[in-house]
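Me: I would like to go through this protein model slowly, one question at a time, with the reasoning spelled out. Could you show it before we begin?

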Amino acid sequence: MAGEGRPLMAQAHPKLAMRPFLPTDVPVLSEIFRASVADLTGDDYTEAQQQAWAASLDDDVAFAKRLGQQLTLIATMEGSAVGFASLAGEDKIDLLYVHPAAAGQGVGAMLVDALEKLAGARGAAKLVVDASDTAQGFFQKRGYVAQQRNSVTVGGEWLANTTMHKQLAPREAS
């Protein structure tokens, strides 16, 4: 029989999926957020900046409210949450975080693709994101163009980011 003796492809390429946010996701999304900031941003931000950034979502009630008020998608790998993204209003990517163990495996791309399609379907002409220095290259590769540099104060620390825009394909008439 063909394929006997070979490992299952699912083992080599874990299956990515997506689902809507549920309030019970808050603890794991908080962990993904903190791990992402701690492990993936060290080349661009100081330890003090990372600590202030990670502490910015310590209030789980406020975090849950923020996620619940936005269109929030959860990326899963083999059923476990490994990333999340949220769309604020009709045209702003507010949050995009991927667990370090899943970084570079298409999780962020899948989430942003979905947000772009949903925003476009809702009539948005463009998407806007305030990309961290760490995420700027990711968004640039996806067609986002830098518009302006920003400095924001988080927990007494200054953090730089870049506002980026991407024109979305016009909605097709039905």
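What follows is a set of questions and answers about this predicted model.

Me: Which pattern of helices and strands does the protein chain follow along its sequence?

Reply: It helps to begin with the count, and the protein chain has 6 helices and 7 strands. When these elements are read along the sequence, the pattern of the protein chain is α-β-α-α-α-β-β-β-α-β-α-β-β.

Me: What percentage of the residues in the protein chain is buried?

Reply: A residue counts as buried when its relative accessible area is under 20%. Of the 174 residues in the protein chain, the share that is buried is 41%.

Me: How many bridges join S6 and S7, and how do these strands run?

Reply: The hairpin of S6 and S7 has 2 residues between the strands, and Gly-155 in this hairpin takes a positive phi near 55°. One pair across these strands is Val-145, which stands opposite His-165 in S7. S6 and S7 pair in the antiparallel sense, and the number of bridges is 9.

Me: Which strand pairs with S5 in the antiparallel sense, and which one runs parallel to S5?

Reply: The antiparallel pairing of S5 is with S7, over 7 bridges, and within it Val-129 stands opposite Met-164 in S7. On the parallel side, Lys-92 has Val-128 in S5 as its bridge partner. The antiparallel partner is therefore S7, and the strand that runs parallel to S5, joined to it by 2 bridges, is S4.

Me: How many of the residues of S5 are buried?

Reply: S5 has 7 residues, and the strand is described as mostly covered. The number of its residues that are buried is 5.

Me: Is Ala-55 buried, partly exposed or exposed?

Reply: Ala-55 lies in helix H3, which spans residues 47-55, and the buried residues of this helix are Gln-49, Gln-50, Ala-52, Trp-53 and Ala-54. The relative accessible area of Ala-55 is 37%. Because this value falls between the limits of 20% and 50%, Ala-55 is partly exposed.

Me: Which elements are included in what covers the buried residues of H3?

Reply: The residues to be covered are Gln-49, Gln-50, Ala-52, Trp-53 and Ala-54. Their cover includes one helix and several strands, namely H2, S4, S5, S6 and S7.

Me: Where is Glu-78 placed, and is it buried or exposed?

Reply: Glu-78 has a positive phi of about 55° although it is not a glycine. Its place is in the loop between strand S2 (71-77) and strand S3 (80-88). Because its relative accessible area is 53%, and a residue over 50% counts as exposed, Glu-78 is exposed.

Me: Which element gives the largest share of the lining of the largest pocket?

Reply: The largest pocket has a volume of about 930 Å³ and is lined by 39 residues, of which Trp-53, Leu-96, Tyr-97, Ser-132 and Ala-135 lie nearest its centre. Several elements each supply at least two residues of this lining, among them helix H2 (26-40) and strand S5 (126-132). The largest share, 7 residues, comes from S4.

Me: How many residues of that lining are nonpolar, how many are polar and how many are charged?

Reply: The lining can be sorted by class, where Trp and Leu count as nonpolar and Ser as polar. Sorted in this way, the lining of the largest pocket has 4 charged, 11 polar and 24 nonpolar residues.

Key. Residues are numbered from 1 along each chain as its sequence is written. This is a predicted model: local features need pLDDT of at least 70, side-chain atom pairs count only at pLDDT 80 or more; totals for chains, interfaces and linings use all residues. Side-chain values use heavy atoms; hydrogens and water are left out. On a 1 Å grid over the protein atoms alone, a cavity is a set of points where a 1.4 Å probe fits but cannot get out, and a pocket is an open set with protein on both sides within 12 Å along at least five of seven lines; lining residues have an atom within 4 Å of a point. Grid points are joined across faces, edges and corners, and a volume is the space filled by probe spheres set on the points. Helices (H or I, at least four residues) and strands (E, at least two) are DSSP runs, numbered from the N terminus. Buried means under 20% relative accessible area, exposed over 50%, partly exposed in between (1.4 Å probe, protein chains only). Contact means heavy atoms within 4.5 Å.
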